[in-house]
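Subject: Structure for you to look at, with notes

Dear colleague,

Here is the structure I said I would pass on to you. Please open it beside this message, so that you can follow the notes with the chain in view.

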Amino acid sequence: MAGSPGRRPTSSRPSSPARSDVPPRSDVKNEPQDAPAEARRRRLLYGRRKGPKLSAHQTQLLETLLPKLRLALQPGADPRNYFSSGTISDVWLEVGFGAGEHLLWQAEHHPTVGIIGAEPYISGIAKLLSKLLLSPAGRRESNIRIYDNDAREILEALPDACLGRAFILFPDPWPKSRHHKRRFIQMNTLDVLARVMKPGAELRFASDDADYAAWTLERITAYPAFEWTATRTQDWKARPPDWPQTRYETKALHGPPAYFSFLRR
Ligand SMILES: C[S@@+](CC[C@H](N)C(=O)[O-])C[C@H]1O[C@@H](n2cnc3c(N)ncnc32)[C@H](O)[C@@H]1O
């Protein structure tokens, strides 16, 4: 059904907030659409897989708990099949969950939703596993699955119109112009997100990097398959109550965050 929805040139929407309300837009000269597809596929978007030395407890969790929750890709399969519980009614995806506090909150508050978290950073995965062990979501049949690699791989393996929500929270900003091609938000990523998201599904994006926020807004508002839900400044400057703070956000590294919500048309 939801095949590639095509694109249209960048333009502002009538319902967009006033120009002065949105972050300044970025330079698009590094858009990587000319790069050969194979090169784009191989380009690493994340910085590192390993962090500080893991504790013995974390190592044990990676050896014992991770194998139970690790998602083995089944290209084209209904993602509800990745969960053993028969009560899973919808599936959401979090790209780059970091230490997993947002993912865990969503899993605990939405027990009938299966949440797939993609994160290649081993220390982050170990942190999520430690928290999971102590949480109600860890005690019952877990509605969390972990893909310990590049989120683009799971996106490509998903069938059309299968996700109810996607979260991309504080993705690596790659601030230098020559690294913009490593940003997760690219036209080809939007193509695949548009394909796998259900009509009415929500895409949430946050960044404290004004340039990356503007880059994202420019691309998604120009993309016909997505509609920005904001109608006033507060809608993107304030974090909604069902959107808990992430570890990265608490560091407030670059500036006040922008919280964007887009709907798949
Ligand atoms: C700046 S951190 C933010 C983590 C978390 N969302 C938060 O707000 O605390 C970005 C994370 O995205 C992960 N990441 C980067 N590229 C990714 C990709 N292609 N697929 C999955 N995760 C990715 C990185 O490993 C890193 O942990």
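The notes below go from the overall picture to the sheet, and then to a few single residues.

First, how to read it. This is a predicted model, in which local features need pLDDT of at least 70 and side-chain atom pairs count only at pLDDT 80 or more, while totals for chains, interfaces and linings use all residues. Residues are numbered from 1 along each chain as its sequence is written.

The pLDDT, which is the predictor's confidence in each residue on a scale from 0 to 100, averages 85 for the protein, and 80% of the residues score at least 70. Over residues 1-36 the pLDDT is below 50, although this stretch has 58 contacts in the model beyond near neighbours in sequence; two residues are in contact if their C-beta atoms, placed from the backbone, lie within 7 Å. Where pLDDT is low, the predicted coordinates should not be read in detail.

The protein has 11 helices and seven strands, where helices (H or I, at least four residues) and strands (E, at least two) are DSSP runs numbered from the N terminus. Of its 265 residues, 38% count as buried, a word that applies if 20 or more other C-beta atoms lie within 10 Å of a residue's own (exposed is 12 or fewer, partly exposed is in between, and C-beta atoms are placed from the backbone).

The sheet comes next. Seven strands form an open sheet in the order S3-S2-S1-S4-S5-S7-S6, with mixed pairing; two strands pair if DSSP finds at least two bridges between them. Strands S3 (144-147) and S6 (226-228) stand at the edges with a single partner strand each, so one side of each is left without a neighbour in the sheet. Within the sheet, S4 (residues 163-169) and S5 (residues 197-207) pair in the parallel sense over six bridges, and Leu-169 stands opposite Ala-206 in S5. By contrast, S5 and S7 run antiparallel and are joined by six bridges, while S6 and S7 pair in the antiparallel sense over three. Phe-262 in S7 stands opposite Leu-203 and also opposite Trp-228.

Which side chains of S7 are buried, and which are not? Along this strand (residues 258-264) the side chains alternate: Ala-258, Phe-260, Phe-262 and Arg-264 point to one face and are buried, whereas Tyr-259, Ser-261 and Leu-263 point to the other and are not.

Among the helices, H2 (residues 56-64) and H5 (residues 122-134) pack at an angle of about 85°, with their axes 9 Å apart; axes are lines fitted to C-alpha atoms, for helices over the stretch in contact, and angles run from 0 to 180 degrees between N-to-C directions. That makes H2 roughly perpendicular to H5, a label given to angles of 65 to 115 degrees (under 35 is roughly parallel, over 145 roughly antiparallel, and the rest oblique). Gln-58, Leu-61 and Leu-62 in H2 meet Ile-125, Ala-126, Leu-129 and Ser-130 in H5.

Finally, two residues deserve a look at their backbone. Most residues other than glycine have a negative phi. Phe-170, however, has a phi near 50°, and Trp-174 has a positive phi of about 40°. Phe-170 lies in the loop between S4 and helix H8 (187-196), and Trp-174 lies in the loop between S4 and H8. Phe-170 is buried, with 22 other C-beta atoms within 10 Å, and Trp-174 counts as buried with 20.

With best wishes
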